[in-house]
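Student: Could you take me on a close look at the ligand site in this model? I would like to see what surrounds the ligand, and then what lies in the nonpolar interior.

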Amino acid sequence: MIKQVPLVMIPGPTPVAEPIRQGLAGPTYAHGYGGFVNIYKETLAGIREIFQAEKAIVVGGAGTLAMEMGLINVVKPGEDLLVVSHGVFGDRFVPMAKSFGIKVDVLSCPAGERVPLTAIEAKLAAKKYAAITLTHVDTSSGVMAQPREVAELARKYGALFILDGVCASAGIPEPMRDWGIDVIVTTCQKAFGTPPGLAMVAIGPKALARREELDAVPGYYSDWKNWLPIMDNPALYFSTPPVNLIQALHAAVKMVLDEGLAARYARHERIGRAVRAAIAALGLEHLTAPEAYAPTLSVVKYPEGVDDAAFRAKMEEYDVIVAGGVGPLKGKVFRIGHMGNICINEIVMTIYALERTLAALGFPVNPGAGVGAAWKEWHKG
Ligand code: PMP
């Protein structure tokens, strides 16, 4: 049998659609060349449209750089930051902020649960914070937060609101203007479906004003002021952009806008429902509380006696790669990414591999139960 390239169903990077891969394989233009300048401009305009952003910065980097860029341009060393964390990626803001001398309070909860809005409000009411961070979907626990409600609280108590959209952007709505989000930090290898390598920041008017107030910030490559003139006119130079990746993102943004935001978000909802129907039909349990399920990934507990390494090795043998747990959940859960430019075909392949894997490891499986449940749910529309 011909060995397939395994289907990558981890929560980022996600499968790269052919038009996006072609963007990556395009010419390596001079970054000041007019043709490339237009590609960069169109890409940034698309990003601003997707997020309703006043300004967008897209540079070589990763999600973690975007987090840092989002933070240090609006919060000064010595100021107070409230971090709302639903797992490993929410927690990441803590050492990051501390490394810049920012004072941090953290609100967290047991893995898989969601921090109650009342707890967030109590914190904001008790102390003046310069900003609050929230991870839209924490990729470690699968918890989807409530950015719209948290934005309202942040506004009420005069804190800037920074949203980590990494595991949500382009798969779940994040309308900055409508919801009152001040900064979205994100990247390209998840629901945008682009190969990794870009840091993306969407900025609203209050955050821009705050950057103006701050004068110098503890960063150079991360300083918005070094990038904003380039984003307005990419013919200018600050640091060489990854021209091929920008072409790939250009194709990805076009795919997002051609599909339409509402249709794209609805497709993610529908895929999420199909995966959850399969998980339920196979008798597996989620780590995540039902009210916090995310359309972009599922975090599933290993049944008694199923070993993490053996499970993922079998899945790979059946040509599908899923992710293990991270942080304290390592060995206890597996994670299926279901975001970006995928559809029911990839889900059915994944669930089929899951059924075969569980059966091979001695877990009782009714063949086709998961696959059938997934496609039945999908066909409800
Ligand atoms: N935030 C979230 C929610 C993430 O899932 C990740 C990466 N998985 C990051 C931030 C960090 O992104 P990167 O790995 O691109 O630095």
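Tutor: Happy to! Helix α3, residues 63-72, is a good place to start, as this helix gives the largest share of the shell around the ligand, with 3 residues. Keep in mind that this is a predicted model. In total, 13 residues surround the ligand, and the closest are G63, T64, T139, D164 and K190. Sorted by class, that shell holds 5 nonpolar, 5 polar and 3 charged residues.

Now look at the individual polar pairs. G63 uses its backbone: one of its N or O atoms lies 2.8 Å from an oxygen atom of the ligand. T64 instead brings a polar side-chain atom, 2.6 Å from a ligand oxygen. Q189 also places a polar side-chain atom by an oxygen of the ligand, at 3.0 Å. As for cover, the ligand on its own has 390 Å² of accessible area, and the protein covers 86% of that.

From here we can turn to the interior. The largest nonpolar core counts 97 residues, and I57, I132, F192, W224 and L249 have the most contacts inside it. Helix α11, spanning residues 243-259, gives the most to this core, namely 9 residues. W224 is worth a pause: leaving aside residues up to four places away in sequence, its contacts include I57, V183, V201, I203 and L208. W224 also touches M69 and G70, whose numbers fall within the 63-72 range of helix α3. Finally, there is a second, separate core of 30 residues, with M9, I271, Y302 and Y318 among them.

Conventions. Residues are numbered from 1 along each chain as its sequence is written. This is a predicted model: local features need pLDDT of at least 70, side-chain atom pairs count only at pLDDT 80 or more; totals for chains, interfaces and linings use all residues. Side-chain values use heavy atoms; hydrogens and water are left out. A residue is near a molecule or strand if one of its heavy atoms lies within 4 Å of it. A polar contact is a pair of N or O atoms within 3.5 Å; within protein, one must be able to donate a hydrogen and the other to accept it, and residues adjacent in sequence count only if both atoms are side-chain atoms. Accessible areas come from the Shrake-Rupley method with a 1.4 Å probe; for residues, only the protein chains shown count as cover. Helices (H or I, at least four residues) and strands (E, at least two) are DSSP runs, numbered from the N terminus. Ala, Val, Leu, Ile, Met, Phe, Trp, Tyr, Cys and Pro count as nonpolar, Asp, Glu, Lys and Arg as charged, and the others, Gly among them, as polar. A nonpolar core is a set of buried Ala, Val, Leu, Ile, Met, Phe, Trp, Tyr and Cys residues joined through side-chain atoms within 4.5 Å. Buried means under 20% relative accessible area, exposed over 50%, partly exposed in between (1.4 Å probe, protein chains only). Contact means heavy atoms within 4.5 Å.
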